[in-house]
Amino acid sequence: MQDEQYELQSELERGENRTEPLQGNTFQSYLPDKNRTYSCLHCRAHLANHSDLISKSFHGSQGRAYLFNTVVNVSCGKAEQRVLLTGLHAVADISCQCCQTTLGWKYEVAFEPSQKYKEGKYIIEQTHLVKDNHWESS
């Protein structure tokens, strides 16, 4: 517990994000205001920095989807094997921690060698995203 508090304090001192308690021991992360961010369309919780966007060329069950290197304010379900357009993967559904909407999935394991770059990355379907902070100035 003390290590977690130290890590959180270090993040705050570096200005990486701000947190505020939700229910129980869960915290909502706020990405820095100076960054262009993507948020949950349904509750406006921050999800990712634009700088963590890897690709907009993915497809989910509801259409276009974005691949991110890292995300915040999501919870992961249990990993399961699925055959996707690019082959067999072990993926875990991800949901918004604030409103519990299923947003997409996390690639846990890619079985095809050419798809290994996806491991540990996150897909969020565009239909669940809204752009926040400084998009009009770029």
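Biologist: How many bridges join strand S5 (residues 53–60) to S6?
Modeller: This is a predicted model, where local features need pLDDT of at least 70, side-chain atom pairs count only at pLDDT 80 or more, and totals for chains, interfaces and linings use all residues. Residues are numbered from 1 along each chain as its sequence is written, and side-chain values use heavy atoms, with hydrogens and water left out. Strands are DSSP runs of E with at least two residues (helices are runs of H or I with at least four), numbered from the N terminus, and two strands pair if DSSP finds at least two bridges between them. S5 and S6 run antiparallel, and the number of bridges joining them is five.

Biologist: Which residue in S6 stands opposite histidine 59?
Modeller: Start at the hairpin, which joins S5 to S6 through two residues. Looking across from histidine 59, the residue you meet in S6 is arginine 64.

Biologist: Now for the rings: how many aromatic pairs are there?
Modeller: Rings of Phe, Tyr and Trp (its six-membered ring) pair if their centres lie within 6.5 Å; planes under 30 degrees apart are stacked, over 60 edge-to-face, and the rest tilted. Counting by this rule, the number of aromatic pairs is four.

Biologist: What kind of pair do tyrosine 38 and phenylalanine 68 make?
Modeller: Their ring centres are 5.3 Å apart. Their planes stand at 70°, so the pair is edge-to-face.

Biologist: How many residues apart in sequence are the parts that this pair ties together?
Modeller: Tyrosine 38 belongs to strand S3 (residues 37–40). Phenylalanine 68 is in strand S6 (residues 63–68), so the pair links parts whose separation in sequence, in residues, is 30.

Biologist: Is tyrosine 38 buried or exposed?
Modeller: The cut-offs are simple: buried means under 20% relative accessible area, exposed over 50%, and partly exposed in between (1.4 Å probe, protein chains only). Its partner phenylalanine 68 has 0% and counts as buried. At 1%, tyrosine 38 is also buried.

Biologist: What kind of aromatic pair do tryptophan 105 and tyrosine 107 form?
Modeller: Both of these residues are buried. With 6.2 Å from centre to centre and 80° between the planes, the pair is edge-to-face.

Biologist: Which residue in S4 does serine 39 stand opposite?
Modeller: Serine 39 lies in strand S3 and is buried at 0% relative accessibility. S3 pairs with strand S4 (residues 46–49) in the antiparallel sense over three bridges. The residue facing serine 39 in S4 is histidine 46.

Biologist: Which residue in the hairpin of S3 and S4 takes a positive phi?
Modeller: This hairpin has five residues between its strands. One residue in the loop is partly exposed, with a relative accessible area of 46%, and has a phi near 70° although it is not glycine. That residue is arginine 44.

Biologist: Which side chain meets arginine 44 in a salt bridge?
Modeller: Side chains of opposite charge can pair when their charged atoms come close. A salt bridge here is a side-chain nitrogen of Lys or Arg within 4 Å of a carboxyl oxygen of Asp or Glu. For arginine 44 the N to O distance is 2.5 Å, and the partner is aspartate 132.

Biologist: How many residues apart in sequence are the parts joined by aspartate 132 and arginine 44?
Modeller: Aspartate 132 is buried, at 12% relative accessible area. It lies in strand S12 (residues 129–132) while arginine 44 sits in the loop between S3 and S4, so the separation of the two parts, in residues, is 88.

Biologist: Which residue forms a salt bridge with lysine 116?
Modeller: Lysine 116 is partly exposed at 41% relative accessibility, and its partner is partly exposed at 29%. The closest N and O atoms are 3.2 Å apart, and the partner is glutamate 119.

Biologist: Which residues do salt bridges that share partners join into one network?
Modeller: One link is between glutamate 80 and arginine 82, at 2.8 Å from N to O. Glutamate 80 is partly exposed at 41%, and arginine 82 is partly exposed at 22%. The network as a whole is made of Glu80, Arg82 and Asp93.

Biologist: Where does glutamine 100 lie?
Modeller: Glutamine 100 is exposed, at 55% relative accessibility. Its phi is positive, near 65°. Its place is the loop between strand S9 (87–96) and S10.
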